Structures are given as C-alpha cells and as structure tokens.
Amino acid sequence: MARITGVNPVTLRAWQRRYGLIKPQRTAKGHRLYSEADIELIREILYWLEQGVSIGKVRGLLGQDQQTVTGTADSSWEQARQDLLDSARALAHDKLENQLRELAKLYPAPLFLHRVIEPWLADLATLQRPDRELIQHSAHAVLMHFIHQVLSIQSGPRIAVGSIGKAPTLSLPLLRYELQDMGCRSIDLGPIQSEQLPLAASRLKADAYVLLLGSGLTAMWLAQHQSEWPEPVFLVGQLGTVYRTEGWLDKPFATHVSELEGFPPCDT
C-alpha cells in the first residue's frame, strides 16, 4: 500500500489510529489488508492535504465535491511553517525537534519537505534580525539531528547520492530522507568530483545514482562528464530546471526525487 500510494507505513498507521481515516481489514494474524476503496480514500486524503487542509480536518471533507469546497488553500502549511519559525527564533531546540517529528509522522515526505521544510529554510535565511545566523545555524543543527535519527531503513534498493557543483549543506540529508520514504536505502557520497563516480561504481554496487545539481555547472562541463557516469543516473535539484531549459541535461531529471519517472529502477 505504501508503494502504491506513496504514503509510508508509519503515516498510514497514524492516520488509522489517531484519526480513524482508514480502517483496513485484518488477517487472522493481525496483518492489515487494504482494498481498492482504501486506495481511493488515501488518494482523496492526499488531495485535501495538498490543498493545505490539516490532517485533523480532513475527515469532515471526505466524500465532498472537491470543486465546490473552497477556503482551504495552504492554511495548514503556513501554520506549520510559522510554528517551526517561532521555535527556531526562541532557540527552543527540544520543541523544534518534537514539532519536526510530529509533522514527519503525519504527512508523507514529499508534502512535509516541499510544503513545510523548504519554505521554512528559506524563511530562516531571510530573517531580518541581528541574530539571524545563530537562529539559522541552530535550526539547521536540529533538522540535521532529526534526519540522522530517522534514517534507519535496512532494505530496499541501494541508491548512491551525491552533489555536483555548489549545493546547500542540507540538500543531501533532505534527499536521503525523501528516498527513505520511498523505501530506498541511501549511500551518502557527499560533494563529489564527476570523475570519481566511475572509479567508485564497482565497489559501491548501487542500484542507481542520484546526483543533486548545484550551482556553477556549465554546458561544456556537463557534456564532458555525463557520458562517463555509471548507469542508471538520475538528476535532481531546483537549479536543474535551469540546466534542463538550456538543453544541457542528458539524464532523467526532476526537481525532486519523488517526481522522477521510472524511479527507483528496481524493487528488491
């Protein structure tokens, strides 16, 4: 069910136990059995979450005409970002980590990352106050600690991840978090030189490579190195949209790894 809907098992269980949104059948041994109706219900829940409805208010909207319900757009995401920002400004580290953990439990990783974490990080970077760097550094440290605590998956496709060009420090940990939500293990290669990938491929034995595109890459550099990379290679990152528009990318690309077509390339 997690693979079909993109909602991880922890979140599915939270929706069931805490909010009663889904009620799967049980086998004699207690395993959950989901139906086609459950799949459609989960997709409807995801629709309302994407509109900005908080998980606690979704139940009252289920079954309603999606075209006639208004006034829900982005409100819960704005509140979640504001709560994180308030905790960061107060240097309330324990509270901030608890907030991150709760949001991660209730929302699928793509929504959590793209609607909350990424805009929140942008807000931190533009704070207009003399202690901005202190607040930003502290918040980044809490987020990094949280991510490393939850990166625990031991099975699934092995994906090697690295960055090329100049990428923000938190980009790779966030990418690894999103991969785990997709059922993939990740190998963190860090910032890498392009020529290092072919040398490491035989030892890594990865099922795929995901490269985060940073700034400073040129058409000549990409044309020279893309053909040397071990297959299969997938490219991600906000800056990649610029490189793709210029026609510089020869590999599959999406802004976020969850949006890549044909990924992961294997299912083990």
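**Exercise 1. Find which residues the ring pairs link into a cluster, and list the contacts of phenylalanine 112.**

Step 1. Ring pairs link Phe112, Phe146 and Tyr177 into a cluster. Rings of Phe, Tyr and Trp (its six-membered ring) pair if their centres lie within 6.5 Å; planes under 30 degrees apart count as stacked, over 60 as edge-to-face and the rest as tilted. The model is predicted: local features need pLDDT of at least 70, side-chain atom pairs count only at pLDDT 80 or more, and totals for chains, interfaces and linings use all residues. Residues are numbered from 1 along each chain as its sequence is written, and side-chain values use heavy atoms, without hydrogens and water.

Step 2. Contact means heavy atoms within 4.5 Å. Neighbours within four places in sequence set aside, phenylalanine 112 touches Leu100, Leu103, Ala104, Tyr107, Ile117, Phe146 and Tyr177.

**Exercise 2. State which members of the largest nonpolar core touch the most other members, and which helix supplies the largest share.**

Step 1. A nonpolar core is a set of buried Ala, Val, Leu, Ile, Met, Phe, Trp, Tyr and Cys residues joined through side-chain atoms within 4.5 Å. Buried means under 20% relative accessible area, exposed over 50%, partly exposed in between (1.4 Å probe, protein chains only).

Step 2. The largest core has 46 residues, and Trp15, Phe112, Ile117, Trp120 and Leu143 touch the most other members.

Step 3. Helices supplying at least two residues each include α2 (9-19), α6 (109-125) and α7 (132-150). Helices (H or I, at least four residues) and strands (E, at least two) are DSSP runs, numbered from the N terminus. The largest share, nine residues, comes from α6.

Step 4. A separate second core of 18 residues includes Ile192, Leu197, Tyr209 and Leu249.

**Exercise 3. Give the strand order of the open sheet and identify its edge strands.**

Step 1. The five strands run in the order β4-β3-β5-β6-β7, with parallel pairing. Two strands pair if DSSP finds at least two bridges between them.

Step 2. β4 (185-191) and β7 (253-254) pair on one side only, as edge strands.

Step 3. Two bridges join β6 (residues 233-236) to β7; valine 236 has alanine 254 as its bridge partner in β7.

**Exercise 4. Describe the aromatic pair of phenylalanine 234 and phenylalanine 263, and explain what the pair ties together.**

Step 1. The pair is edge-to-face, with 5.0 Å centre to centre and 80° between the planes.

Step 2. Phenylalanine 234 lies in strand β6 and phenylalanine 263 in the segment after β7, so the pair ties together parts 29 residues apart in sequence.

Step 3. Phenylalanine 234 is buried at 6% relative accessible area, and phenylalanine 263 counts as buried at 10% relative accessibility.
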